[in-house]
Amino acid sequence: MRLGGRIQAAAEVLEDILDRKTPATMALRDWGKAHRFAGSKDRSAIGNYVHDALRCKSSIGYRMGDETPRALALGAAVFMGGHTVKELMEDFAADKHAPQALSEDEQNKLNGSIKLESAPDWIKADVPEWLWPMFETNFDEMAVAEGKALTARPPLDLRVNTIKAKRDKVLSSMKTKGLKKTEISPIGLRVEALEGSARLPNVQIEAEYQTGKIEIQDEGSQIVSLLVDAKPGEKVLDYCAGGGGKSLAMAADMENQGQVFGFDIDKRRLSPLYQRAQRAGASVIEVREPPSESLKDLVGKMDRVLIDAPCTGVGTWRRKPDAKWRLSEEALERRNNEQRSVLKSAKGFVKPEGGLLFYVTCSMLAEENEAQVYAFLEENENFTLLSAGEVWEEKFGVDSPKPWSADGCTLTLTPAATNTDGFFFAVMERTK
């Protein structure tokens, strides 16, 4: 496919996403099935245009004076994809699969006739308008920069499974181009985000992945797993384990000694953990399927309980940009209720007098983070907030990039501050 055909395809996929509310992954998959002639490079380029358009929907729409799928696809190709108006005009004229020729008005706007500098801050930041007051309150004068950082393409991060391998050896043996060590995580490797129509490598075909020496895991997720600081021989409950990425990371940090119980209220989400644990050689992981009665024997016995709470996923907007525009006030309220419920359900598994409860989200909103922790502490006087910053310095040193902290105890990782996905982390000790 030529450039014009790819842009037209991106506009068609965007129409499916924006008009019919189809999730981006499904819309791209469906388009690929219906257009078998498109090669892997074509599908990758189309996916880049679609995701770039969704990451920057407000700012592209402002600059184009239009948020139609066509306008967004054209804007993504020029403003993010690096193509020129001249390239588009020449290619459209020579390609029967290209969109309709650019109008004079479109040419002017793609050439920058509308300046983003005059836009409201929520548009500059590409944060939904209704959410902007919360976002701005949380990040103050850095709110626009934090929003813009969420519009960038994400890197590909890998976690080296220390049960089976060392980072230096994996780095030297893998064939993946551009692989380097992560800046903060001592067990991470990264391929930086690529520009234009380039695509990230498929590391799942590498021997290191097939043999369980590496896992795909964002550096932020690696960091919060390490901050749990699980020790060999301890009993740890991963209460919202999902696919088990943090369970696997904690098992490795525990040197595969002790017990990690992986539980999730949704049995389907847990299913990958069985095979992943086997491939990783993480024999200390025991999957407990719902209902929650399966955990009765663990009440009051866990050294550490990790809650990776259900949330809006604001911190993952780089990877799932369509979720940004589906989010609503009702959905946020629903997540807040789920977070309170999960905290209430999980607290009883923490052992008295020294057991630790960890509250983690992939959100960057105080309503889902600090507010939930403080409300929990008010209702549960037998829990005390500890300083996560001290563990941060022990694990990662004083010279590494610093996360946000509103209170000196809890931590918020962000793409702008730590060059990771957005994560919140808090630790509370059960005193009695």
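This report walks through a predicted model of one protein chain, from its overall build down to a few individual residues.

## Overall build

Let's start with the big picture. The chain folds into 20 helices and 12 strands. Its C-alpha atoms fit in a box of roughly 70 × 45 × 45 Å along the principal axes. The radius of gyration is 23 Å, which agrees with the value near 22 Å for a compact globule of 432 residues.

Contacts tell us how the chain is wired. Taking those with a separation of 6 or more, 72% link residues 24 or more positions apart.

## Inside and outside

How much of the chain is buried? Of the 432 residues, 54% are. On the outside, the chain exposes about 19000 Å², and carbon and sulfur atoms supply 48% of that area.

As for charge, there are 59 positive and 66 negative side chains. The centres of these two sets sit 7 Å apart.

## Asn369 and its surroundings

Now for a closer look at one residue. Asn369 sits in the loop that runs between β9 (356-361) and α18 (370-379). With a relative accessible area of 0%, Asn369 falls under the 20% cut-off and so counts as buried.

What does the side chain of Asn369 pair up with? One partner is the side chain of Thr361, through a polar contact of 2.6 Å. There's also the backbone oxygen of Leu365, which lies 3.1 Å from a polar atom of the Asn369 side chain. Setting aside neighbours within four places in sequence, Asn369 touches Tyr359, Thr361, Ser363, Met364 and Phe424. Thr361 therefore turns up both as a polar partner and in this contact list.

## Backbone oddities

A few loops have backbone geometry worth a look. Pro290 and Pro291 are joined by a cis peptide bond, with omega about 15°. Pro291 belongs to the loop between β7 (285-288) and β8 (304-308).

Then there are two non-glycine residues with positive phi. Asp126 has a phi of about 55° and sits in the loop between α8 (121-125) and α9 (132-139). Asn419, with phi near 60°, is in the loop between α20 (415-418) and β12 (423-430). Are these two buried or partly exposed? Asp126 is buried, because its relative accessibility of 3% is under 20%. Asn419, at 31%, is partly exposed, because that value falls between the 20% and 50% limits.

Methods:
Residues numbered from 1 in each chain as written. Predicted model: local features only at pLDDT ≥ 70, side-chain atom pairs only at ≥ 80, totals over all residues. Heavy atoms only, no water. Helix = DSSP H or I, 4+ residues; strand = E, 2+ residues; numbered from the N terminus. Buried < 20%, exposed > 50% of the residue type's maximum accessible area, 1.4 Å probe, protein only. Polar contact = N/O pair within 3.5 Å; in protein donor to acceptor, adjacent residues only side chain to side chain. Contact = heavy atoms within 4.5 Å. Rg over C-alpha atoms; globule rule 2.2 N^0.38 Å. Areas by Shrake-Rupley, 256 points an atom, 1.4 Å probe, with all protein chains shown as cover. Lys, Arg positive; Asp, Glu negative; His and termini not counted. Charge placed at Lys NZ, Arg CZ, Asp CG, Glu CD.
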